[in-house]
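Here's a walk through the cavities, cysteines, charge pairs and a couple of local spots in one protein model. Have a look at it first, then read on.

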Amino acid sequence: MEKLILKIKRTFEELGSLAFHITTAEKNASFWAIEAIERGANVLIAVGGDGTVNEVANAILFHPNRSKLKMGILPFGKGNDFVRSLGIRRDLTMLCDNIKLGKSKRIDAGKLEFVGKEGEKSRRYFVNIADVGLGGLATQMLRAGKPLWSSNLTYFLVIIKSFMKYRPANVRFSSHGFYHEGKVMSICMANGRYFASGLGIAPEAKLDDGKLDWVILGEISIWDYLKNIPRLKRAKKIRHPEVSYHRGTECNISSDIPLPIDMDGEFVGYTPMRCQVESLVLEIIA
């Protein structure tokens with residue numbers, strides 16, 4: 001980490017004063033990001049994975065002066081799925097040049113209202129994908145263990161274990177007159193296209209179209225998943241009667257039992273929940 005910080009200092013020294021904070025616990029990145037904003041920072045760089053990006057993004061999006069703030073990303077995480085939709089690489093020089101040239105783009109963000117881990121009412125933004133059901137369980141299992149292999153293999157094994165453990169639950173999904181009720185493995189609310197270390201679950205999702213893509217996975221089996229991995233890797237739609245794709249600006253999800261929610265690769269709480277998109281609210285250096 002010290003070598004990385006030294007390299008960042010050398011690359012960015014011409015841009016002005018820099019402050020570094022190393023995260024040590026959950027929501028630590030949000031804490032330091034908020035403090036940096038209060039001290040006058042207008043560019044915040046998240047160095048890490050999707051979870052770190054989510055925390056810094058939330059610090060910006062809940063701030064009253066969010067329209068004046070920008071976020072840069074250096075992907076150093078396990079999955080780094082969000083940056084796949086933006087074409088961002090682990091390139092210090094490119095990030096520095098983009099800051100100097102003022103190259104950035106505004107993207108949408110999804111906002112969830114849900115039940116927090118301790119049963120409290122919670123609100124939180126996601127920039128990539130939120131997932132109810134199987135994905136929430138997979139995230140819990142992923143955080144509970146220590147990765148022993150590559151990111152792709154770790155995610156693959158965790159998803160397989162989740163399929164073996166998870167049982168489809170009865171869910172009610174409503175959005176703009178569309179209503180679905182039945183047993184589902186997962187419902188994805190996608191701003192970006194990829195999750196779980198490179199699986200293109202929402203091939204047509206766009207970060208700046210003012211809409212979210214809903215992907216409803218009904219009673220699909222572990223064999224259905226395995227057969228469709230090549231299509232997911234290529235970000236192609238799954239052809240299966242229990243899989244459907246929709247699009248909208250808001251939705252409500254309730255279930256017979258509380259179901260876990262994954263948000264940008266982190267377990268955050270449970271259903272029932274409400275989701276809505278906020279258009280072009282986050283400026284990303286890219």
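Is K237 buried, partly exposed or exposed? K237 is partly exposed, with a relative accessible area of 32%; here buried means under 20% relative accessible area, exposed means over 50%, and partly exposed is in between (1.4 Å probe, protein chains only).

Before going further, some ground rules. This is a predicted model, so local features need pLDDT of at least 70 and side-chain atom pairs count only at pLDDT 80 or more, while totals for chains, interfaces and linings use all residues. Residues are numbered from 1 along each chain as its sequence is written, and side-chain values use heavy atoms, with hydrogens and water left out.

**Salt bridges**

Side chains of opposite charge can pair when their charged atoms come close. A salt bridge here is a side-chain nitrogen of Lys or Arg within 4 Å of a carboxyl oxygen of Asp or Glu, and the count comes to 16 salt bridges. Three of them are set out below, with their N to O distances.

| Pair | N to O distance |
|---|---|
| K100 and D97 | 3.7 Å |
| R172 and E181 | 4.0 Å |
| E204 and K237 | 3.5 Å |

K237's partner, E204, is also partly exposed, at 43% relative accessible area. E204 sits in the loop between β8 (186–190) and β9 (212–217), and K237 in the loop between α8 and β10 (243–248), so the pair ties together parts that are 33 residues apart in sequence. (Helices, H or I with at least four residues, and strands, E with at least two, are DSSP runs numbered from the N terminus.) The pair also belongs to something wider: E204, D213, K237 and R247 are linked in a network of salt bridges.

K100 and D97 make a local pair, since both lie in helix α5 (residues 92–101), three residues apart, or about one turn of the helix. K100 is partly exposed at 42%, and D97 is partly exposed at 32%. For the R172 and E181 pair, R172 is partly exposed at 23% and E181 is partly exposed at 44%.

**Cavities**

Rolling a probe the size of a water molecule over the atoms shows where empty space is left. On a 1 Å grid over the protein atoms alone, a cavity is a set of points where a 1.4 Å probe fits but cannot get out, and lining residues have an atom within 4 Å of a point. Grid points are joined across faces, edges and corners, and a volume is the space filled by probe spheres set on the points. That gives two cavities of 30 Å³ or more.

The largest cavity has a volume of about 440 Å³. Its lining runs to 32 residues, and the closest to the centre are D131, G135, I159, F195 and A196. β5 (129–133), α6 (134–144), α7 (151–165) and α8 (222–233) each supply at least two lining residues, with α6 giving the most, five. By class, the lining has 19 nonpolar, seven polar and six charged residues; Ala, Val, Leu, Ile, Met, Phe, Trp, Tyr, Cys and Pro count as nonpolar, Asp, Glu, Lys and Arg as charged, and the others, Gly among them, as polar.

The second largest cavity comes in at about 30 Å³. E26, E55, R124, E266, F267 and V268 line this cavity, and strand β13 (residues 266–285) gives the most to that lining, with three residues. The class split is two nonpolar, no polar and four charged.

**Cysteines**

How many disulfides does a search of the whole structure find? Zero, taking a disulfide as a pair of cysteine sulfur atoms within 2.5 Å. For C275, the nearest cysteine sulfur is that of C251, 4.6 Å away. C275 is buried at 0% relative accessibility, and C96 is buried at 3%.

**Two local spots**

In helix α2 (residues 28–38), N28, A29, S30, A33 and I37 are buried. Their cover includes β1 (43–48) and α3 (50–61). Just after α2, G40 takes a positive phi of about 105°.

Over in strand β9 you'll find I216, which is buried with a relative accessible area of 1%. Not counting residues up to four places away in sequence, I216 touches (heavy atoms within 4.5 Å) several residues, among them F173, F178, V243 and H246. The C-alpha atoms of I216 and V132 are separated by 9.8 Å, with the two residues 84 apart along the chain.

Key
1 Å grid on protein atoms, 1.4 Å probe; cavity = no way out; pocket = protein on both sides within 12 Å on 5 of 7 lines; lining within 4 Å.
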